[in-house]
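Biologist: Could you walk me through this fold, and tell me how each label is earned?

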Amino acid sequence: MSLLEMKHIKKSFNGVEVLKDISLTVDKGEVLGIIGPSGSGKSTLLRCATGLETQDEGLITYEGTFGLVFQNFNLFPHYSVLKNITDAPIKVQKRKKEEVYREARELLAKMGLSNKENAYPYQLSGGQQQRVSIARALAMKPDILFFDEPTSALDPELTGEILKVIKDLAAEHMTMVIVTHEMNFAKNVSDHIIFMDNGYIAVEGTPEEVFGSSNERMREFLGKFEQE
């Protein structure tokens, strides 16, 4: 069953075409990895999928709800960790406080942050803040979770802890769409990968098919990563 379908999506900014006829589907339980060079349209595609941008052409169909984890955390600085997680389920979804607080504490335990519920964002490391933002997204019980380069604002030593959280979610069959520049992570966690270049999907398929592709642009892109 497809939870998300995007058909013939086009998007331009100031006359520059950023997305050029993009179509994709995300099935329940699937992890879709989106990779590609800077400026290829990855984040714009994600922003269109989540309603932060409106596509110029094309159709987006959802079955269910979604959550979004930003690359720069976007936590409320004046809220405690617990309030950051519980505020929307209580105020927006009108759920019972007792239930929301119990589930929030379970999520914090899952993220290894049980002792941080009364802390404020400035008291946390970047990796801890990102784990709180993942817990906040999960507290809304989304059917699909979107990640926009979830490790790009983190120091390398903190990246691993976030990738482990996402891998654990994948093992639980959480449906996810992940824009990432971590190639090994994309290869290991994704069921399906799309490689974007210049506003198009240049290569797509299983991780083995994409990373083994003979597409010249894909080989050139991977070569740059291997040199770093």
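Modeller: Gladly! Two strands pair if DSSP finds at least two bridges between them, and a strand is a DSSP run of E with at least two residues, just as a helix is a run of H or I with at least four, both numbered from the N terminus. This is a predicted model, where local features need pLDDT of at least 70 and side-chain atom pairs pLDDT 80 or more, while totals for chains, interfaces and linings use all residues. Residues count from 1 along each chain as its sequence is written, and side-chain values rest on heavy atoms, without hydrogens or water.

Biologist: With that in hand, what do β8 and β9 form, and how many residues lie between them?

Modeller: A hairpin, with two residues between the strands. Five bridges join β8 to β9 (residues 200–205), against the two that pairing requires, and the two strands run antiparallel. M196 stands opposite I201 in β9. In the turn, N198 has a positive phi of about 55°.

Biologist: What does β8 do with β3, and in which sense?

Modeller: β3 (residues 31–35) and β8 pair over four bridges, in the parallel sense. As one example, L32 has H192 in β8 as its bridge partner.

Biologist: Which order do the strands take in the sheet, and is that sheet open or closed?

Modeller: The sheet is open, with six strands in the order β5-β6-β7-β3-β8-β9 and mixed pairing. β5 (66–69) and β9 each have a single partner strand, so they stand at the edges and one side of each lacks a neighbour in the sheet. On average, neighbouring strands are turned by 15° against each other, direction ignored. At the β5 edge, four bridges link β5 in parallel to β6 (residues 144–148), and G67 is partnered by L145 there.

Biologist: What makes β8 count as largely enclosed?

Modeller: A residue is buried when its relative accessible area is under 20% (over 50% is exposed, in between partly exposed; 1.4 Å probe, protein chains only). Five of the six residues of β8 (192–197) are buried, so the rest of the structure largely encloses this strand. The same label fits helix α2 (residues 81–91), because eight of its eleven residues are buried. These are V81, L82, N84, I85, T86, D87, P89 and I90, and their cover includes α3 (97–110) and α4.

Biologist: How are α2 and α4 known to be roughly parallel or otherwise?

Modeller: Axes are lines fitted to C-alpha atoms, for helices over the stretch in contact, and angles between N-to-C directions run from 0 to 180 degrees. Under 35 degrees is roughly parallel, over 145 roughly antiparallel, 65 to 115 roughly perpendicular, and the rest oblique. α2 and α4 pack at about 20°, with their axes 8 Å apart, and are therefore roughly parallel. V81, N84, I85 and P89 in α2 meet V132, A135, R136 and A139 in α4, where contact means heavy atoms within 4.5 Å.

Biologist: And what about α4 with α5?

Modeller: The axes of α4 (residues 126–139) and α5 (residues 156–171) come within 8 Å and cross at roughly 20°, so this pair too is roughly parallel. On the α4 side the contact includes Q130, R131 and I134, and on the α5 side L158, I162 and V165.

Biologist: Which helices lie on the sheet, then?

Modeller: α1 (residues 42–49) lies across β3, β5, β6, β7 (175–179) and β8, at about 145° to β6. α5 packs on the sheet as well, touching β3, β6 and β7, and its direction makes about 145° with that of β7.
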